[in-house]
Structures are given as C-alpha cells and as structure tokens.
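Reader: Could you take me through the surroundings of the ligand up close, and then show me how the rest of the chain looks? I'm at the bench, so plain talk is fine.

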Amino acid sequence: MTDIIHLLPDNIANQIAAGEVIQRPGSAVKELLENSVDAGADEIKLIINDAGKALVQVIDNGKGMSETDARMAFERHATSKIKNIDDLFRIKTMGFRGEALASIAAVAQVELKTKREEDSSGTFLEIENSKVIRQEPVAFNKGTSIAMKNLFFNVPARRNFLKSNTAELRHIVDEFIRVAMAFPDIFFSLQSNGQEVFHLEKGSLKQRIVQILGNQYNSKLVSVHEQTDYLNIMGFVGKPETAKKTRGDQYLFVNNRFIKSAYLNHAIMNAFSDLIPKDSFPMYALFIDLDPAQLDINVHPTKQEIKFEDDKIVYAFVQATVKHALAQFSITPTLDFDLDPSIQQLDSISKPMTDEQRSSTASSSLFKSFSQKNQAHFIERTGELKHWKDFYEPISEKTQLPENTIEKLHQQYEADQPVMQLHATYILLQRADDFLLIHQQNAHERVLYEKYSLAIEGKPIATQQSLFPATIEMTPTDTIVLQELLSDMRELGYQIEHFGQNTFVIQGTPADIEGGNEKSVIEKIIEQYNHFSSDLKFTKREKLLRAMSTQNAIKTGVILSQKEIQSLIADLFHCEVSNVSPNGKPTYMTFYKNDMDKMFGR
Ligand code: ADP
Ligand code: MG
C-alpha cells in the first residue's frame, strides 16, 4: 500500500484560507478600506467596476509602504499591527490578522502602488496566484493604491457563486457606509462604473450621517452621550417620528468597528419601545468605546460579531443612555409629544380599540380596498354561480353533497346568512355537513398573492396618479433594492421614479392606497422584501409578490364588517389554490359535523 497523504501546494492552501476572509467583492472592500484607515489616510477613494467583480480599487493618502514592506504585506500572517499574543487584546487598529492582503493575492490579480513621504520613488507590484510577477519603481504621491482585478479568476467555482451585480453592489455599499460612518474626519468617495455614487466631505458625525442617510434626518437627530470609567457611548438616534418600516438605518460600532449585535439592538429598541409603533425601526448610529481588553473581537473571522466580558452591563448601559437621551429631547419645547402623529398611533396599537378608533380604522385604505366595489378583487355576488359551486364543492368524499343541496346552501348564503368573526381573527362559516374556520390574514394573503400574480402576468393594476407626488428617501442599500423592483411594481400599480441619489418620487399608487400613506406602504414592502431576500430559492419577482401580499394583507385583530367578510370568502374560494397562504400556512380548517357529533357522544 502506498501512502496517500500529501501537503497541498502553497497556492491552493492560500486559496482555501482566502475563502474565509474574502467571500465576495464586498469583503475586499472592507479589508482595503480598513487598511487605509489604519495607514492614517484622510482621503480614501473606492473605485469599483462591474460590482467589484472586475475591479475593486482603493486609493489612499496614508503613510505608504517601503519596498520591502510592500512585498511582505502580501505574505500570509504578515502584519505590522501585532507582535505578540498580548497585542491581540490591546489592538486599536481595524485589521489585525495579517491575512487580508495575502488572501486577496491568492484569489485575484493585484496591482499595488505605494510610496512613503520620505522615499523619492514608489513601488509598483503586480501579483497573481500569490506570486509577484512584476516589480518596478514608480512615480506616485504619498499613499497607497491597491487594485484587485477579476476576483476569483483562478477559482471559477467561487466566481460562479457570486450573486447578481445588484446584490454584490449592495454588499459593497454596506461595507463602504460602515467604514465611512465611523470616520467622519476622513474624506471618502465611491465611484461605480465611472459614476460617483458617494462624495463624503470631512465633517462632524452628524454631517456624515446626513450625507449618508439623507436630508430627512437633518434636525431630526438626538445626540447620545455618556461617559463612565467602564465605557463611553456617543452618537445619534433618530427622533421617534423618523422611525421607518425598514430596518435599514441602524449602525452600531464598538471601538469604531461596525458590529452586529442582536443583543444590543434589543437594548436600543427597548429604549424606544413606548415612543414608536411596534413594527417600526428607529435610526441609530451609536459608538461604544471601551478598553479593548474587555472585548474578544476575534470570535468571528469577518469580525462583525464580538463578545463583551460583561455583556449585561453593556446592555443596561446602552438602554439607559438612549432612554435618557430621548427623555431629555422630549422635554425641549420644540417637540410636543401629544401632537406627534406617530405617537398618537400608539394607543391603537397597544390597547383595544375604542368605537372612535374603530370608525377611523374603517375608513382606512385597507378597509376600503375590501369594501369598495371598484376593486379588482371584489366580486359581485350576483350571477357568477360557478365560484360558489367551486366553493361548495366537497373537499373530500365525506362531504359529497347532492347537487340540490349545493343550490340550497347557495340560496341560504345569498340570503346573507350572517357569518361570525371570532377573536378578530377567524371567520366561522357554517355549511351543510361541516363548518370552516377561516384565518382572515392567511386567507387575505392568498387572495392578494393571486391578484398580484395576475397583475404581473399581464393584467396590470390601475395606477391612481398622485396630485402631489411625494418624495421618499431610501438608504443607499434600499435604493438599490427599490431600483431593481421599479418595473415590476409598476405592473402592481406603483408608479415610482428614481430621482437621483437616494430619492424617489411616487407618481402614483394603486387606487386602494390612501393618500398620505404611500411612503409607509412602500417602506413596509421593502422591509418585507428584505426579509425574504436571503431566501435563494425565490426569484426577485416571487419575493416581491410575497412581500406585497404579506404586507398588504388585512391583519389579525382587525374587526371586519359583514360585507368585508363576505367578499373575503368569495375571493378566497375564487383563488386557484385556496387552502394555503403563499407562505404555506393553512387559510382554513374544516370541522365535520359527524366528527363533532362523535366527540359529544352522539
Ligand atoms: P493586517 O491589516 O491585519 O495587518 P493586511 O493583510 O490587511 O493585514 O495588511 C498587511 C500589512 O500591510 C499591514 O499590517 C500594513 O502594514 C500594510 N498595509 C496594508 N494596506 C496598507 C495601506 N493602504 N497603507 C499602508 N500600509 C498598508
Ligand atoms: Mg488589514
């Protein structure tokens, strides 16, 4: 028997290791930007082509590298930032694994230009498959330019794994924003396919937030600031009225590094809990600083998750600080909580409805869409016997009814037999041999889903032009998402136009959207869409259909009139698939009288 174990060649080992650090163009963006920050640059330009698949280039005016350091930088475990294991716990700079450049060099073609202030000429390097293939002196200003070309050119399997340009661009913009937000005293620009997408002048954190997230936050930011011996927290949260239906604008940094923490997010949401509707998300950009020894950042390879020595203290501290900031701002005379509509809505969300509230809800768009006859999904109950027959057609052998029974039932139904709504959630529908319990939300999701599918397949929903077109500001990432959906949304009755940068103009919406609600309806749709967006098995269009039907469906807890109930039942049994919601939940259950009789010993 021959021995079968062998060592992998260096370049393959490098490629494998690289996969952990560089998963997509966005990961290279993060690493390169962080290196430029660490190099002390105050001007950093990011240039990308073809969503970073063809080119990711970062040019900075930082301290540059010597010729030897330039070559060393691309070796695995080459770093100027740690010398021993203790350093890991003290590290203040962004990168500290000495792996980024080595990884990039293993999976892309790299061109480096760099020069230190004190050197008369700079260094140019060309690297492929982790090997320097060209090196020469070059005239260059102080600083470094690293161009990463044709990512995964030598790992086709990985290259094929990259997502659409829109998706990759979104990751890039996310990473760019996370770094740019944390360093407002550095100029950043982002150029994509020759077009400047961001141009962020140096300024205060507040200015940077407004530059990135849009003017709607101007004068809508509450400053958060607290210092203790253990940790400091500073930054801004959006005033409650700016809370959105999409989660987008939430940024948390620890020691100037963007992190994801469901735990601390919860602390912040908690501080807002009485001030905003339950399904909305406040903006925040908060910076926590504490002794690096209190952290273990290295728990996750891409360093977005961290462990705190004592996370309960941090939680309590974050929550109290944000609460305090919000309370302080609320007693300033410029804001009157009682008049703030987003706060007035709160009672209707958390408490049972009063009659007054009920009648105002009844005039809402959703209710109207249910009860107005000119709506596409409203079916006149006269004539059109066919659907009623479908409806009463037996679900199983058990309920096989003679034809005349169906007729009789139908007549009974025509006579407007009242149908009961239970718990503002279920509709109880009696039939000859059984009764159905219909779940109003699941059922309406199904109804809308089929209506929207038809619309997209060529029966567009009519648009009602807005008299006063509203503009809507999106986050850069949501801008990309919305742009992608504009043409499909048009078929669904939403006429939205991109108005440069992150601004859109809502020219028209389906007739059942009440004037004034357009913005939040669209925000909610995008939030839902994002919710589905990691689901690879769905097409973009399918995700949109699901997002819209989930979002626009009548919810549980809403009391329906007889008319609305009747039309929901009619619509449901008019569907091609009536027994499950698009998300696979049952729309109704059948309870057979026979079975019931047995249960009661009869
Ligand atoms: P790390 O950042 O963890 O040290 P990298 O592979 O990202 O590892 O970079 C290796 C080294 O290359 C850095 O420690 C730094 O000394 C040098 N370097 C990388 N990018 C730059 C840059 N833009 N300007 C100056 N030096 C850089
Ligand atoms: Mg680095």
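Author: I'll start at the ligand and then move out into the chain. Before that, some housekeeping: residues are numbered from 1 along each chain as its sequence is written, while chains are lettered from A and ligands numbered from 1 in the order in which they are written. This is a predicted model, so local features need pLDDT of at least 70 and side-chain atom pairs count only at pLDDT 80 or more, whereas totals for chains, interfaces and linings use all residues; side-chain values use heavy atoms, with hydrogens and water left out.

So, who sits around ligand 1? There are 19 residues around it, and N35, T79, S80, K81 and G98 come nearest; a residue gets into this group if one of its heavy atoms lies within 4 Å of the ligand. Sorted by class, the shell has 7 nonpolar, 8 polar and 4 charged residues. For that sorting, Ala, Val, Leu, Ile, Met, Phe, Trp, Tyr, Cys and Pro are nonpolar, Asp, Glu, Lys and Arg are charged, and the others, Gly among them, are polar.

Now for the polar atoms. The side chain of N35 has an N or O atom 2.8 Å from an oxygen of ligand 1. L101 uses its backbone instead, with a polar atom there 2.9 Å from a ligand oxygen. At T144, a side-chain N or O atom is 3.3 Å from a nitrogen of ligand 1. The limit for a polar contact is a pair of N or O atoms within 3.5 Å; within protein, one must be able to donate a hydrogen and the other to accept it, and residues adjacent in sequence count only if both atoms are side-chain atoms.

How much of ligand 1 does the protein bury? Taken alone, ligand 1 exposes 530 Å², and 93% of that is buried by the protein. Such areas come from the Shrake-Rupley method with a 1.4 Å probe; for residues, only the protein chains shown count as cover. The elements that give two or more residues to the shell are α2 (25-38) and α4 (100-107). Helices are DSSP runs of H or I with at least four residues, and strands are runs of E with at least two, numbered from the N terminus.

Stepping back, the chain has 20 helices and 22 strands. Of its 602 residues, 50% are buried, where buried is under 20% relative accessible area, exposed is over 50%, and partly exposed is in between (1.4 Å probe, protein chains only). The chain exposes about 29500 Å², with carbon and sulfur atoms supplying 51% of it. Take contacts (heavy atoms within 4.5 Å) between residues at least 6 apart in sequence: 69% of them join residues at least 24 apart.

One spot to look at is K220, in the loop between α7 (205-213) and β9 (221-227). Leaving aside neighbours within four places in sequence, K220 touches V237, G238, K239, E241 and T242. Its side chain also makes a polar contact of 3.4 Å with the side chain of E241. K220 is partly exposed, because its relative accessible area is 27%.

The structure also holds 8 aromatic pairs. Phe, Tyr and Trp rings (for Trp, the six-membered one) pair if their centres lie within 6.5 Å; planes under 30 degrees apart are stacked, over 60 edge-to-face, and the rest tilted. Y251 and F258 form an edge-to-face pair, 6.3 Å centre to centre with 65° between the planes, and both residues are buried. Y263 and Y315 make a tilted pair, at 4.9 Å and 50°. Y263 is in helix α8 (262-272) and Y315 in helix α9 (311-330), so this pair ties together parts that are 52 residues apart in sequence. Y263 is partly exposed at 36% relative accessible area, while Y315 is buried at 14%. Ring pairs also link Y251, F253, F258 and F287 into a cluster.

Last, a backbone detail. Most residues other than glycine have a negative phi. N255, though, has a positive phi near 45°; it lies in the loop between β11 (250-254) and β12 (257-258) and is buried at 17%. Q501 has a positive phi of about 45° too, in the loop between β20 (495-498) and β21 (503-510), but Q501 counts as exposed at 56%.
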